[in-house]
Amino acid sequence: MVDHFDRQQKWRESETGLYRQGQSPAKILWHLDFLARKRKTAPLYTNTSRLGFRMTFKPSLSPRPRLFLTAVFFAWYAAAQFAWAGGHASIDGNDDFQQVVITEYGGPDVLELVTGELPKPGPGEVRVRTLTTSASFTDIMLRKGIYPGLDVEPPFAPGYDMVGVIDKLGEGVTGFEVGQKVADMTILGAYATHIVRPAELLTPIPDNLDDGEVVTLMLSYMTAYQMLERAADLEAGQSILIHGASGAVGSAMSQLAVLKGLKVFGTASTAKQDFVASMGVTPIDYKTEDFVARIAEETGGEGVDVVFDAISVENFKRSYSALKPGGTLIIYGFYDAAVAADGGSMTGVAFEFLKWQWQQLMWRLFDNEDRVVAPMYGITTMRDEHPEWFREDLQQLTALLAEGRISPRVWKTMSLDQAAEAHRMIEAGEVQGKIVFRVSGK
Ligand SMILES: NC(=O)c1ccc[n+]([C@@H]2O[C@H](COP(=O)([O-])OP(=O)(O)OC[C@H]3O[C@@H](n4cnc5c(N)ncnc54)[C@H](OP(=O)(O)O)[C@@H]3O)[C@@H](O)[C@H]2O)c1
């Protein structure tokens with residue numbers, strides 16, 4: 001951490017030792033008392049009452065100085081509280097600009113909270129004060145430098161999605177106003193107290209929706225929704241298999257698919273079976289079961305209509321054999337290669353991609369079973385090609401949320417200074433649903 005947090009840390013650990021984060025008034029009073037003794041002056045307080053402290057005054061101190069010292073102490077204590085809360089609140093309300101940047105490609109430690117000048121919106125842009133953003137697996141790929149197709153070098157701020165409040169309009173912006181709540185899929189830059197965005201990309205968000213839930217719609221639910229509704233051609237009663245059903249995208253897709261009336265199977269590790277089942281999905285423990293055999297058993301040897309897979313080429317091959325004739329395989333990532341890749345190395349993911357091209361060629365040449373492999377889904381490509389679909393789909397998702405028909409699983413709400421910890425949790429596969437960062441209050 002730099003600047004601001006250094007200052008904050010020094011303040012908390014100042015040489016008086018009187019004020020540290022988490023210290024109760026009782027302890028502070030004890031310190032004051034200790035200092036008073038050291039300086040051979042009157043002790044002011046002792047720590048004996050039920051409330052945690054009690055004032056005891058030396059008879060030598062007359063009522064006026066006593067009153068004065070008490071007032072000074074409480075004024076000081078209130079100021080200290082305010083200053084400390086303010087430190088957090090600079091992620092929480094004042095005008096300092098802070099962002100978490102990837103200083104170089106690598107592990108979670110390369111994430112650093114820095115301060116800077118508040119960015120200004122140019123013509124056609126607006127500045128948004130961030131309310132919430134989220135930690136996603138995609139941010140981890142960006143941090144490692146293995147996210148394909150993005151031409152950016154560190155230092156830069158990650159942050160794929162955000163919900164915020166407009167706090168400044170650039171020249172020529174119409175149709176938006178200061179104070180309005182908006183959301184966007186930013187791809188980069190949302191791990192920050194403020195972000196400048198082209199006005200045309202922003203979607204207005206109703207005030208009554210929960211900011212932590214809305215932010216999950218932008219990347220995770222959108223990916224799930226578009227794959228179900230745009231990439232696949234599914235009707236109620238058909239069957240699907242979702243890999244990683246407990247993850248951010250997997251859990252979103254599980255909810256949407258069950259809502260659509262599909263018969264849903266979902267793979268997850270042992271500890272997450274209950275969560276997957278709680279969404280109305282038939283869980284398959286991929287650590288202990290062969291999912292191909294289990295799907296065959298559950299579907300009378302027929303297979304499922306569609307498999308959604310972002311794991312690895314080895315997994316894609318097995319998913320392919322879990323399809324019924326005429327079924328569709330939809331792939332959208334290389335999770336294993338991305339988890340394994342060292343910081344800064346694109347080789348693993350690129351090699352996996354080549355293997356995938358080769359595998360498709362083999363199927364085309366030698367497979368007669370009439371199964372379909374859809375073009376690899378990518379949310380940014382889809383938005384670039386069909387921005388109107390993105391807007392329509394977000395409207396649908398927002399309506400589902402407002403009607404209470406989907407309930408995003410926010411696994412943890414953290415603050416931006418915990419970004420490294422959030423990344424570590426996602427990479428360790430600990431998360432069930434989504435980690436949301438609360439950046440500022442309304
Ligand atoms: N193409 C796109 O536009 C797009 C958009 C968003 C995400 N993605 C991709 O989608 C994937 C998932 O993203 P996410 O945000 O949902 O990540 P996530 O929240 O970390 O969830 C992924 C989950 O997959 C599970 N998993 C790992 N290995 C597995 C295996 N062999 N079989 C079944 N499940 C396994 C892990 O849980 P357990 O192992 O503990 O069950 C993990 O929690 C990533 O590869 C990401 O790059 C693609």
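Start by selecting β10 and β13: the two strands run parallel and are joined by three bridges. Keep in mind as you click around that this is a predicted model. To see how the pair lines up, pick Ile-240, which stands opposite Val-306 in β13. Leave Val-306 selected and look to its other listed partner: in β14, that is Thr-328. The β13-β14 pairing is parallel too, and it spans five bridges.

Now colour β13 by burial. Six of its six residues are buried, so the strand is largely enclosed by the rest of the structure.

**Out to the sheet**

Widen the selection to the whole sheet. What is the strand order here? Reading across, you get β12-β11-β10-β13-β14-β15, an open sheet of six strands with parallel pairing. The edges are β12 (282-285) and β15 (372-373); each has a single partner strand, so one side of each is left without a neighbour in the sheet. As a reminder of what to display, strands of a sheet pair through backbone hydrogen bonds, either parallel or antiparallel.

Head for the β12 edge. Strand β11 (residues 263-268) pairs with β12 in the parallel sense, over four bridges. For one pair to highlight, take Thr-267, whose bridge partner in β12 is Ile-284.

Next, show helix α9 (residues 313-321). This helix lies across β10 (239-242), β13 (304-309) and β14 (323-331). Line up your view with β14 and you'll find α9 running at about 150 degrees to that strand.

**A stop at Asp-309**

Go back to β13 and select Asp-309, which sits in that strand. Is Asp-309 buried or exposed? Asp-309 counts as buried, because there are 24 C-beta neighbours inside 10 Å and 20 or more is the cut-off. Bring up its surroundings: leaving out residues up to four places away in sequence, Asp-309 touches His-243, Asn-315, Phe-316, Ser-319, Leu-329 and Ile-331. For a distance to draw, try the C-alpha atoms of Asp-309 and Phe-334: they are 25 residues apart along the chain and separated by 8.7 Å.

**Around the ligand**

Select the ligand and the shell of residues around it. Which residues come nearest? Out of 31 around the ligand, they are Gly-244, Gly-247, Ser-269, Gly-333 and Ile-379. The elements giving two or more residues to this shell are α4, α5 (211-231), α6 (248-259), β11 and α10 (335-340). Colour the shell by class and you get 15 nonpolar, 15 polar and one charged. Colour by domain instead, and you'll see at least three residues from each of domain 2 (97-218 + 384-438) and domain 3 (236-377).

**Helix α4 and the loop after it**

From the shell, follow α4 (residues 137-144). The helix is mostly covered, with eight of its eight residues buried. Click along it from Phe-137 through Thr-138, Asp-139, Ile-140, Met-141, Leu-142 and Arg-143 to Lys-144, and you are on buried residues at each of these stops. Just past the helix, check the backbone of Gly-145, where phi is positive at about 75 degrees.

Carry on into the loop between α4 and β6, where you'll find Pro-155. Inspect the peptide bond from Pro-154 to Pro-155: it is cis, with omega near 0 degrees.

**Leu-169 and Ile-187**

Strand β6 (residues 161-169) holds the next stop, Leu-169. With 18 C-beta neighbours inside 10 Å, Leu-169 counts as partly exposed. Setting aside neighbours within four places in sequence, its contacts are Pro-121, Val-126, Phe-176 and Val-178. Draw another C-alpha distance, from Leu-169 to Gly-122: 8.5 Å, for residues 47 apart along the chain.

Then jump to the loop between β7 (181-185) and β8 (194-198) and pick Ile-187. What is its phi? Positive, at about 70 degrees, although Ile-187 is not a glycine. Ile-187 is also buried, with 20 other C-beta atoms within 10 Å.

**Zoom out**

Finish with the whole protein in cartoon view, which has 14 helices and 17 strands. Across its 442 residues, 38% count as buried. Turn on a contact map if you have one: of contacts between residues at least 6 apart in sequence, 65% join residues at least 24 apart.

Conventions
Residues numbered from 1 in each chain as written. Predicted model: local features only at pLDDT ≥ 70, side-chain atom pairs only at ≥ 80, totals over all residues. Buried ≥ 20, exposed ≤ 12 C-beta atoms within 10 Å, placed from the backbone. Pairing = 2+ DSSP bridges. Contact = placed C-beta atoms within 7 Å. Axes fitted to C-alpha atoms, helices over the stretch in contact; angles between N-to-C directions. Near = placed C-beta within 6 Å. Nonpolar A, V, L, I, M, F, W, Y, C, P; charged D, E, K, R; others polar. Domains from an automatic or database assignment.
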